[in-house]
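Please look over the sequence and the model shown here. A short report on the fold follows.

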Amino acid sequence: MEVSPIAPEWIGKPEIMIVVGTAPKKENDFAQEVITGVDRFLLNSMFAKHNLKYYMTFLTKCIGATKVGCVKTCVRNWIPEELGLVKPKLIIGMGSNVEKYLECDYYLPAPSIVFANKANQENLEDILNGYRQGNQTSS
């Protein structure tokens, strides 16, 4: 059985790329969203507050794919293509798997952990605020 990759999502012309390290689930495919529910609402609120646009993608593109070989294939074949198209100024990795496979500017826990913990939320806020302040002239 061939599995189609989960599509990335973006808002506007993104400057920030978020790479989520958890494997996509069926609900991500059904909703066509990388992050769903309350976590998605909180993330969108943070980006709107700073007037920033993002591109969000999974490190692993196929539903339920957790095998090292699949992750390495996605990192080798898909991520460079996305980086070339998006040309992000800032890359945020979310989830422990991202740090193993991809060089990012910042690493945070998985989205569900970030939004369940006030200190992690503040860390993301600080990253976005620092980026925004450093790019005042380009907005």
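The report below covers the sheet, the helices, the cores and two single residues.

This is a predicted model.

**The sheet**

The sheet is open and built from 5 strands. Their order is β1-β3-β2-β4-β5, and the pairing is mixed. The edges belong to β1 and β5. Each has a single partner strand, so one side of each is left without a neighbour in the sheet.

The strand pairs are set out here.

| Strand pair | Sense | Bridges |
|---|---|---|
| β1 and β3 | antiparallel | 2 bridges |
| β2 and β3 | parallel | 5 bridges |
| β2 and β4 | parallel | 5 bridges |
| β4 and β5 | parallel | 3 bridges |

Individual partners fix the register. Trp-10 has Tyr-55 in β3 as its bridge partner. Ile-16 is partnered by Tyr-54 in β3. Ile-18 has Met-56 as its bridge partner in β3, and Ile-18 also stands opposite Ile-92 in β4. Further along the sheet, Met-94 stands opposite Leu-108 in β5.

Two helices lie on the sheet. Helix α4 packs on it and touches β2, β3 and β4. The direction of α4 makes about 175 degrees with that of β3. Helix α7 also packs on the sheet, touching β2, β4 and β5. The direction of α7 makes about 170 degrees with that of β4.

**Strands β2 and β3**

How many residues of strand β3 are buried? The count is 5 of the 5, over residues 54–58, so the strand is largely enclosed by the rest of the structure. In a regular strand the side chains alternate between the two faces of the sheet. In β3 both faces are covered. Tyr-54, Met-56 and Phe-58 are buried on one side, and Tyr-55 and Thr-57 are buried on the other.

Strand β2 covers residues 16–20. It is mostly covered too, with 5 of its 5 residues buried. Ile-16, Ile-18 and Val-20 are buried on one side of β2. Met-17 and Val-19 are buried on the other side.

**The nonpolar cores**

In soluble globular proteins, nonpolar side chains tend to be buried together. Here the largest nonpolar core holds 22 residues. Within this core, Ile-16, Ile-18, Leu-43, Ile-92 and Leu-124 touch the most other members. β2, α2, β3, β4 and α7 each supply at least two residues of this core. Its largest share, 4 residues, comes from α7. Another core, of 12 residues, lies apart from it. Among the members of that other core are Met-17, Ile-79, Val-86 and Cys-104.

Leu-124 has its own set of contacts. Leaving out residues up to four places away in sequence, Leu-124 touches Leu-43, Met-46, Ile-92, Leu-108, Val-114 and Phe-115.

**Helices α3 and α4**

Two packed helices are described by the angle between their axes and the distance between the axes. The axes of α3 (residues 68–77) and α4 (residues 79–86) come within 3 Å and cross at roughly 30 degrees. That makes α3 roughly parallel to α4. On the α3 side, the contact uses Cys-74, Val-75, Arg-76 and Asn-77. On the α4 side, Ile-79, Pro-80 and Glu-81 take part. By type, the residues of this contact divide into 4 nonpolar, 1 polar and 2 charged.

**Two single residues**

Where is Gly-93 found? Gly-93 sits in strand β4. Its relative accessible area is 0%, so Gly-93 is buried. Not counting residues up to four places away in sequence, Gly-93 touches Val-19, Val-98, Cys-104, Tyr-106, Tyr-107 and Leu-108. Gly-93 and Ile-16 are 77 residues apart along the chain, and 11 Å separates their C-alpha atoms.

Ala-110 lies in the loop between β5 (106–108) and α6 (111–114). Is Ala-110 buried or exposed? The relative accessibility of Ala-110 is 13%, so this residue counts as buried. Leaving aside neighbours within four places in sequence, Ala-110 is in contact with Thr-22, Met-94 and Gly-95. The C-alpha atoms of Ala-110 and Asn-97 are separated by 9.2 Å, with their positions 13 residues apart along the chain.

Definitions and conventions. Residues numbered from 1 in each chain as written. Predicted model: local features only at pLDDT ≥ 70, side-chain atom pairs only at ≥ 80, totals over all residues. Heavy atoms only, no water. Buried < 20%, exposed > 50% of the residue type's maximum accessible area, 1.4 Å probe, protein only. Pairing = 2+ DSSP bridges. Contact = heavy atoms within 4.5 Å. Core = buried A, V, L, I, M, F, W, Y, C linked by side-chain atoms within 4.5 Å. Axes fitted to C-alpha atoms, helices over the stretch in contact; angles between N-to-C directions. Parallel < 35°, antiparallel > 145°, perpendicular 65-115°, else oblique. Nonpolar A, V, L, I, M, F, W, Y, C, P; charged D, E, K, R; others polar.
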